[in-house]
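Trainee: I've got a new model open and I'd like to work through it with you. Can we start with a term I'll need, and then go from the whole chain down to single residues?

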Amino acid sequence: MLSLQEVSKTYTAQGQTFRAVLPVSMEIETGGIHGIIGTSGAGKSTLLRLMNLLERPDTGKVLFEGRDLTAMGERELREARRSIGMIFQQFNLVHNRTVHGNVASALELARTPKRDRERRIGEVLEFVGLQDKAGQYPARLSGGQKQRVGIARALASSPRLLLCDEPTSALDPQTTEDLLNVLLHINRTLGVTIVVVTHEMEVVRQICTSVSVMEMGEVVDTFALPKRADEGIRPKLTYREQILGTVREEETP
Ligand SMILES: Nc1ncnc2c1ncn2[C@@H]1O[C@H](COP(=O)(O)OP(=O)(O)OP(=O)(O)O)[C@@H](O)[C@H]1O
């Protein structure tokens, strides 16, 4: 689905150059949830942003469904990007537009015909369970609800790939659990391939089918995760179950 071929990125700031991503090659297979984990500054977010050319690589190629994004002109790239959604740690919502307006803005950017927009906005807001919040402004929403708006916006143009940059880092454990269930639901019911950048091991354990480990700009390990016994959507855990579950895990040598 997505193939990175020797992509690299160097930043220059105040006369200093910094190699954020050394040449990395990676294949993201269709249908899975691929995690990218590593410590702060390892280059995870940069690598993710190279995947949809939010950041242009200095070297290498990015192939999406066999087409070279790095060789495309602006118009062709905009077209291709409709199939690649993205969500962010700080949600990146438009504050002076309502929930409805935020999703609408994605459809405007994607140049979706006006006649199709309302139906699509209704569908995605229902999917993330926010149909009753359509008229609210982001400031009135909780963190979890804001991220759901981010997801609704990313899903609006029916992407086949969803890139997630630390999607749960700004959320409490219970809301994180809810959000991970939403991502699982997107993967399983809509068949959307997901790439998720995180520094949380638990996120990888709970939803990923494969993972790459990054250190100092390099991918140092990539492996598949065994299929979970509970293939369905995870049951919502109570605070008691989460706390006792964690304690037990830590006590086991
Ligand atoms: N626009 C930029 N200009 C200059 N340096 C940058 C820029 N973006 C990232 N960097 C640097 O590149 C390195 C990798 O950053 P990146 O955000 O990709 O790491 P990360 O693994 O996602 O870390 P974190 O988990 O803290 O977000 C860091 O040292 C960072 O300071």
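Mentor: Sure, strand pairing comes up early: two strands pair if DSSP finds at least two bridges between them. Keep in mind that this is a predicted model.

Trainee: Which residue in β4 does Q5 stand opposite?

Mentor: Start with the strands: β1 covers residues 2–13 and β4 covers residues 59–64. They run antiparallel and 5 bridges join them, so by the two-bridge minimum they count as a pair. Across from Q5, in β4, stands K61.

Trainee: What is the strand order in the open sheet of 4 strands, and which are the edge strands?

Mentor: The pairing in that sheet is antiparallel, and the order reads β2-β1-β4-β5. An edge strand pairs on one side only, and that describes β2 (16–28) and β5 (67–68).

Trainee: Zooming out, how many helices and strands does the protein chain have, and what is its radius of gyration?

Mentor: The chain has 8 helices and 10 strands, and its C-alpha atoms fill a box of roughly 60 × 45 × 35 Å along the principal axes. For 253 residues, a compact globule would come out near 18 Å, which agrees with the chain's radius of gyration of 19 Å.

Trainee: What percentage of the residues is buried?

Mentor: Buried means under 20% relative accessible area. On the outside, the chain exposes about 13200 Å², with carbon and sulfur atoms supplying 51% of that. Of the 253 residues, the buried share is 47%.

Trainee: Which helix gives the most to the largest nonpolar core?

Mentor: In soluble globular proteins, nonpolar side chains tend to be buried together. Here the largest core has 40 residues, and I151, L162, L183, I186, I194 and I207 touch the most other members. Elements that give two or more residues include β3 (33–38), α3 (99–109), α5 (143–155) and β8 (193–198). The top contributor, with 6 residues, is α6.

Trainee: What is I207 in contact with, beyond its neighbours within four places in sequence?

Mentor: I207 is one of the core residues that touch the most other members. Set aside those sequence neighbours, and the contacts of I207 are I33, L180, L183, L184 and V196.

Trainee: And how many residues are in the second, separate core?

Mentor: That core includes M1, V7, V21 and L77. Its total is 29 residues.

Trainee: How far apart are the end C-alpha atoms of α5?

Mentor: The buried residues of α5 include G144, Q147, I151 and R153, and what covers its buried residues includes β6 (84–87), α3, α4, β7 and α6. For length, count 1.5 Å a residue: the 13 residues should span 18 Å, which agrees with an end-to-end C-alpha distance of 18 Å.

Trainee: Is H100 buried, partly exposed or exposed?

Mentor: H100 lies in helix α3 and touches E118, I121 and A134, not counting residues up to four places away in sequence. Its relative accessible area is 26%. Since buried means under 20% and exposed means over 50%, H100 is partly exposed.

Trainee: Last one: which residue takes a positive phi in the hairpin of β9 and β10?

Mentor: β9 (residues 210–215) and β10 (residues 218–224) pair in the antiparallel sense over 6 bridges, with V211 opposite F223. The hairpin has 2 residues between the strands, and the one with a positive phi, near 45°, is M216.

Conventions: Residues are numbered from 1 along each chain as its sequence is written. This is a predicted model: local features need pLDDT of at least 70, side-chain atom pairs count only at pLDDT 80 or more; totals for chains, interfaces and linings use all residues. Side-chain values use heavy atoms; hydrogens and water are left out. A nonpolar core is a set of buried Ala, Val, Leu, Ile, Met, Phe, Trp, Tyr and Cys residues joined through side-chain atoms within 4.5 Å. Buried means under 20% relative accessible area, exposed over 50%, partly exposed in between (1.4 Å probe, protein chains only). Contact means heavy atoms within 4.5 Å. The expected span of a helix is 1.5 Å times one less than its number of residues. The radius of gyration is taken over C-alpha atoms; the globule rule is 2.2 Å times the number of residues to the power 0.38. Accessible areas come from the Shrake-Rupley method with a 1.4 Å probe; for residues, only the protein chains shown count as cover.
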